[in-house]
Amino acid sequence: MKPASDLLSELGWLPAGRSVACTEIAGAGNMNCVERLTFDDGSSLILKRANPWVEKYPGIPAPVERSVVEAAFYRAVEGTEAGRAMPQLMASGAGTTSMLLADLGSGVDGMTAYAGTAISASDLDAIADWMRALHNLPVAREHAFANHAMRALNAEHIFDFPLAADSRFDCDAIVHGLQGHANRLKADAAFVSSVQGVKAIYLGDAPGVLLHGDLYPGSWLTTPQGLFVIDPEFCWVGPREWDVGVLLAHLKLSRQPEAAAARVLARYGEPLDPALLNRITGIEIMRRVIGVAQLPLPYGLETRAALLEEARQLVIGETA
């Protein structure tokens, strides 16, 4: 991979009169290589590169055009309430697979929630406010936001891979005994059919709202300046229940109190289809428990099995 200083010079993105003093990895990125570039005057920027693979799983190919889609998202929210809670896009360009973003500085991502940290009321409110602002944004239906290649990649790992009968993914390697629970879900025709129904919605191009697409605790940072949402490379135009359902799933996965979900829904305040919301919530729980995109969940078999049963009930409509 080309050194950051060489890339910036080649693209004309090197700030005038400055040179890169040092680079470091900025956070544990899943999809992209994310580096903090510190310049000789002490200022810093974030360089985000989209390689033709998933950064965390180099064996999984990924579309490099996700960088163009993400840049379009930042441009769409610039100057809006949603944009003020995101890092500023400093440079991007057609034909590039990189972008420069403002450095948010010291911050902690939401991943600590899985270790038992409660998500604060102020953070829950900020996330709900950001979702409402984004979803109510009048955005032209740009071709970029179709994001078909990224949706195809994501659909395989959300809907197909966890329930594939011939999957080589060994759930017992996560927690012994989990494979049996996974196999029972795979054999549940009603569950599989409902999951495939949501997949059709996910891959479709019906009218909707602009979505972040992957609003889980790794997609926000809490800083001294407040909460910021990051990494919208999975963005698309679809039902608002998608972002809300994914978020609710992670409140359950991180064992936040029930009041947290109620607070988010009340603060968000927009009408939602309860059945679709439940299905999306259940599918996200399922794929995070028995799919490739594992989380640092400190749970044994009993809790994981209970999460899968809750996911089943949500998806097939056995619970409100």
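This passage describes strands, nonpolar cores, aromatic pairs and cysteines in a predicted model.

Strand S5 covers residues 98-102. Four of its five residues are buried, so S5 is largely enclosed by the rest of the structure. Strand S3, residues 44-49, pairs with S5 in the antiparallel sense, and five bridges connect them. Within this pairing, Ile46 is placed opposite Leu101 of S5. S5 also runs antiparallel to strand S4, residues 89-91, to which it is joined by two bridges. Here Leu100 of S5 is the bridge partner of Ala91. S4 and S5 form a hairpin with six residues between the strands. Gly95 in this hairpin has a positive phi near 85°.

A separate description applies to an open sheet of three strands, in the order S6-S8-S9, with antiparallel pairing. Its edge strands are S6 (108-109) and S9, each of which pairs on one side only. S6 is joined to strand S8, residues 220-223, by two bridges, and the two run antiparallel. Val108 stands opposite Thr222 of S8.

The nonpolar interior was examined next. In soluble globular proteins, nonpolar side chains tend to be buried together. The largest nonpolar core in the model holds 42 residues. Phe73, Trp130, Met131 and Leu251 have the most contacts inside this core. Two or more residues are given to the core by each of several elements: helix H2 (66-77), S5, helix H3 (121-135), strand S9 (226-229), helix H7 (241-253) and helix H8 (258-268). H3 provides the largest share, seven residues. S5 thus appears both in the strand pairings with S3 and S4 and among the elements that contribute to this core.

The surroundings of Phe73 were listed without residues up to four places away in sequence. On that basis, Phe73 touches Met86, Trp130, Leu134, Phe145, Leu210, Leu211, His212, Pro232 and Cys235. A second core, separate from the one described above, has 36 residues and includes Phe159, Leu276, Ile280 and Ile283.

Aromatic pairs were searched for over the whole structure, and six were found. Phe159 and Tyr202 form a tilted pair, with 5.7 Å from centre to centre and 50° between the planes. This pair links distant parts of the chain, since Phe159 belongs to helix H4 (residues 148-160) and Tyr202 to helix H6 (residues 189-203), 43 residues apart. Phe159 and Tyr202 are both buried. Another pair, Trp236 with Trp242, is edge-to-face, with 5.8 Å between centres and 80° between planes. Trp236 is buried, as is Trp242. Phe159, Tyr202, Trp236 and Trp242 are linked by ring pairs into a cluster. Phe159 is therefore a member of both this ring cluster and the second nonpolar core, in which residues count as buried under 20% relative accessible area.

Two arginines are placed over tyrosine rings. Arg255 lies over the face of Tyr299, at 5.9 Å from the ring centre. Arg288 lies over the face of Tyr216, at 4.8 Å from the ring centre.

The count of disulfides is zero. A disulfide requires two cysteine sulfur atoms within 2.5 Å. For Cys22, the closest cysteine sulfur is that of Cys33 at 15 Å, which is too far for a bond. Cys22 has 39% relative accessibility and so counts as partly exposed. Cys33 is likewise in no disulfide, as the nearest cysteine sulfur, in Cys22, is 15 Å away. Cys33 is buried, with a relative accessible area of 5%.

Finally, Gly204 is located in the loop between H6 and strand S7 (209-211). The relative accessibility of Gly204 is 22%, so Gly204 counts as partly exposed. Gly204 and Ile230 are separated by 26 residues in sequence and, C-alpha to C-alpha, by 25 Å in space.

Conventions. Residues are numbered from 1 along each chain as its sequence is written. This is a predicted model: local features need pLDDT of at least 70, side-chain atom pairs count only at pLDDT 80 or more; totals for chains, interfaces and linings use all residues. Side-chain values use heavy atoms; hydrogens and water are left out. Buried means under 20% relative accessible area, exposed over 50%, partly exposed in between (1.4 Å probe, protein chains only). Two strands pair if DSSP finds at least two bridges between them. A nonpolar core is a set of buried Ala, Val, Leu, Ile, Met, Phe, Trp, Tyr and Cys residues joined through side-chain atoms within 4.5 Å. Contact means heavy atoms within 4.5 Å. Rings of Phe, Tyr and Trp (its six-membered ring) pair if their centres lie within 6.5 Å; planes under 30 degrees apart count as stacked, over 60 as edge-to-face and the rest as tilted. A charge sits over a ring if NZ of Lys or CZ of Arg is within 6 Å of the ring centre and within 35 degrees of the ring normal.
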